[in-house]
Amino acid sequence: MEAIGIRTEDFQLAYRLIKKFRDLNIPHIQLDHRKDVPSDINLWFGSNEEVNVSADYRGVAVDIDNIDLIVNAELNKLFAGPNVDELCFGVDTGPRPGLAWFADNRLIGSIQLEFVDDVIMEIIRVIDQIHPKKALIRIGNGPKTLSNRIINSCINQGLNVELVDEKNTSNGSRHDHKSSAESIAEKSGIPIFERTKIIPTRGEVREIQRISRLFTEGKITIPTELAFSVAIGTLS
């Protein structure tokens, strides 16, 4: 595991960085900002001023507002390394989809997202950070409406897509979407070359109507037509 340091006298920034690395289960060490950075540190994070003053190429400048974006990007580049041939993604389809990515068969990261439409944005973000020669997206054949939406989003971006049988991809809890996404990424699937039709079931439309009642504390149930538009992704 690469050595990662936190080197800042900004208490709030240090606290946020520590929490971020703990949430990601990434080993890290706090460094004395008054001393030189040890030679065995691969990467360290500090404020803009601290990194600029140090002139150390291993320093990465962050602030409170961009910690997630900067840390995720730097870890992707660090763990993937240069000259990645293939970046393979696995998507565990669901209302809160899981996403995992492997660089040349090495697990680099995984995340659970809050919304289906976040999947393609995260995939593009990781590709832009790692710059692989090629990318492959393996999507679990979970709820058909959701999997088809993700397939179409990927095809719109010109990405190579495979549809994977999700059977036997759950490890332990059925709510562990990140682990399921990792398993999906490691299974071959059926190549998909064209956009697919999105036809929500009556049950999916009714579920969206039920959620609309929850959000409005029972005051509003959105019409079937609007619920249908939400199901196919036309409306949020």
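Ala, Val, Leu, Ile, Met, Phe, Trp, Tyr, Cys and Pro are counted here as nonpolar, Asp, Glu, Lys and Arg as charged, and the others, Gly among them, as polar. With that split in hand, the pockets of this predicted model can be described.

The largest pocket has a volume of about 870 Å³. Its lining is made up of 24 residues, and Phe115, Arg149, Ile208, Ile211 and Val230 sit closest to the centre. By class, this lining breaks down into 13 nonpolar, five polar and six charged residues. As for where the wall comes from, helix 5 (144–156), helix 7 (202–215) and helix 8 (224–232) each put in at least two residues. Helix 7 is the top contributor, giving seven residues to the lining of the largest pocket.

Two of these helices also pack against one another. The axes of helix 7 and helix 8 come within 9 Å and cross at roughly 105 degrees. Angles of 65 to 115 degrees count as roughly perpendicular, so helix 7 and helix 8 are roughly perpendicular to each other. On the helix 7 side, the contact involves Val205, Ile208 and Gln209, while helix 8 brings in Thr224, Ala227, Phe228, Val230 and Ala231. Charged residues are absent from this contact, which has six nonpolar and two polar ones. Ile208 and Val230 thus turn up twice: both belong to the contact of helix 7 with helix 8, and both are among the residues closest to the centre of the largest pocket.

The second largest pocket holds about 500 Å³ of space. Around it are 20 lining residues, with Leu24, Trp101, Ile108, Gly109 and Ser110 nearest the centre. Here the lining has nine nonpolar, five polar and six charged residues. Helix 1 (11–23), helix 3 (67–80), strand 7 (106–112) and helix 6 (177–185) each supply at least two of them. Strand 7 has the largest share, at seven residues.

Helix 3, one of the elements lining the second largest pocket, is also part of a helix pair. The axes of helix 3 and helix 4 (residues 118–130) come within 9 Å, with a crossing angle of roughly 55 degrees. That makes helix 3 and helix 4 oblique to each other, and their crossing is right-handed. From helix 3, Leu69, Asn72, Ala73, Asn76, Lys77 and Ala80 meet Arg125, Val126, Gln129 and Ile130 of helix 4. Sorted by class, the residues of this contact come out as five nonpolar, three polar and two charged.

Notes:
Residues are numbered from 1 along each chain as its sequence is written. This is a predicted model: local features need pLDDT of at least 70, side-chain atom pairs count only at pLDDT 80 or more; totals for chains, interfaces and linings use all residues. Side-chain values use heavy atoms; hydrogens and water are left out. On a 1 Å grid over the protein atoms alone, a cavity is a set of points where a 1.4 Å probe fits but cannot get out, and a pocket is an open set with protein on both sides within 12 Å along at least five of seven lines; lining residues have an atom within 4 Å of a point. Grid points are joined across faces, edges and corners, and a volume is the space filled by probe spheres set on the points. Helices (H or I, at least four residues) and strands (E, at least two) are DSSP runs, numbered from the N terminus. Axes are lines fitted to C-alpha atoms, for helices over the stretch in contact, and angles run from 0 to 180 degrees between N-to-C directions. Angles under 35 degrees count as roughly parallel, over 145 as roughly antiparallel, 65 to 115 as roughly perpendicular and the rest as oblique. A crossing is left-handed if the near helix is turned anticlockwise from the far one by less than a right angle, and right-handed if clockwise. Contact means heavy atoms within 4.5 Å.
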